[in-house]
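Hi everyone, thanks for coming. Please have a look at the model on the screen while I talk you through it.

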Amino acid sequence: MLSKSEVGDFLRDMPVAFVVFRVLPSDIVYAYVNEAGACIEGFRREELVGKSMPQVFPAVDAATMEAVRMTAEQGVKQYFTRCIPGSRYLSIQTYQPRPGFCACVLHDVTDTARQDNLRKEEHQRLELQATRDPLTGLYNVREGRVLVERQLAEPRWKGTRGALFMFDLDDFKLVNDRFGHDRGDAVLKGFARVLERSFRCSDIVFRAGGDEFSAFVPDIPCACVAERICADVVASVEILKEKCADVSVSIGVAVGRPTHSYESFYRAADQALYGIKRTGKSAYRIADMDDVRAEDVQGPTPTTLPAA
């Protein structure tokens, strides 16, 4: 049989980090730390024993303290990973050696955690490339269509109607021809920010390609809301014109129930947009897909195109 001092020597010198906390009603203190445990936490043993956990690590999170307390008071064995000062990660396993105490076996898993973080960042980067337009940061056309079709397949509530907006920047080619593609890119990015401000986070805004953009509102209460959004966008582009270049926007909108397909929304919005482009620019037209007899809502009066 080993004596208590021999057991203490074995625990002190074993290569696995080992820490025991005593849990008091209002504090958690270090009751025992072996050499490996002190080393992994960046202290000497005598600097830890008897000290409060929050005193040693002022930034310790509440979840860690709660885990230690649950083990000491209820005997719940736990396994978790925590980041400690120095951007290091510890894998922590807990058990109850006796009531009121929590023993922790610690492993430095910094390298593994960093590799996991790098893999997550790479996954996020690839996902961003696959779903976002690199210039504006909006959804690309493929992801935009997927999200719209998903909303049409699963409407938020019965009787709801959606609205597909199509935006075309008038005279955008002239911006590139006169001022270069850097100015053109600035216009596109500026217009993307206009759309982000004009729509909610729950709406779907995407770049359809070139100088064309789209947005889908899955739960528009009435066509008058679409009209207000269009008027806001037209007015915002007037402000953008002063900062970037002389452009305006034409808008076609299709409002209808989610029983219509994406293609039907697209055709109706495209026809409304074509109607504006054919008669002028810097205006909008809203088509009601559920009432073919209803006249399209249009405004403001389109800027007349110059005679050929």
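I'll go through the sheet, a pair of helices, and then the empty spaces.

A word on the source: this is a predicted model, where local features need pLDDT of at least 70 and side-chain atom pairs count only at pLDDT 80 or more, while totals for chains, interfaces and linings use all residues. Residues are numbered from 1 along each chain as its sequence is written, and side-chain values use heavy atoms, with hydrogens and water left out.

Let's start with the sheet. Five strands (DSSP E runs of at least two residues, numbered from the N terminus, as are helices, which are H or I runs of at least four) make an open antiparallel sheet, ordered β2-β1-β5-β4-β3. Its edges are β2 (27–33) and β3 (78–84), each pairing on one side only; pairing here takes at least two DSSP bridges between two strands. On average, neighbouring strands are turned by 30 degrees against each other, direction ignored. Between β1 (residues 17–24) and β2 there are six bridges, and L24 sits opposite D27 in β2.

Now find helix α5 (residues 62–74). It lies across β1, β2, β3, β4 (88–95) and β5 (101–108), at about 150 degrees to β3. Angles run from 0 to 180 degrees between N-to-C directions, with axes fitted to C-alpha atoms, for helices over the stretch in contact.

Next, which helix packs with α9 (residues 181–198)? That's α10 (residues 223–243), at about 145 degrees, with the axes 10 Å apart. In the contact (heavy atoms within 4.5 Å), F191 and L195 are among the α9 residues, and I229 and V233 among those of α10. By class, that contact has eight nonpolar, three polar and no charged residues; Ala, Val, Leu, Ile, Met, Phe, Trp, Tyr, Cys and Pro count as nonpolar, Asp, Glu, Lys and Arg as charged, and the others, including Gly, as polar.

Finally, the empty space. The largest pocket holds about 310 Å³. A pocket is an open set of points on a 1 Å grid over the protein atoms alone, with protein on both sides within 12 Å along at least five of seven lines; lining residues have an atom within 4 Å of a point. Volume is the space filled by probe spheres set on the points, which are joined across faces, edges and corners. Of its 20 lining residues, F57, V60, T64, R82 and I84 are the closest to the centre. Strand β3 gives the most, four residues, and the lining has 16 nonpolar, one polar and three charged residues.

Notes: On a 1 Å grid over the protein atoms alone, a cavity is a set of points where a 1.4 Å probe fits but cannot get out, and a pocket is an open set with protein on both sides within 12 Å along at least five of seven lines; lining residues have an atom within 4 Å of a point.
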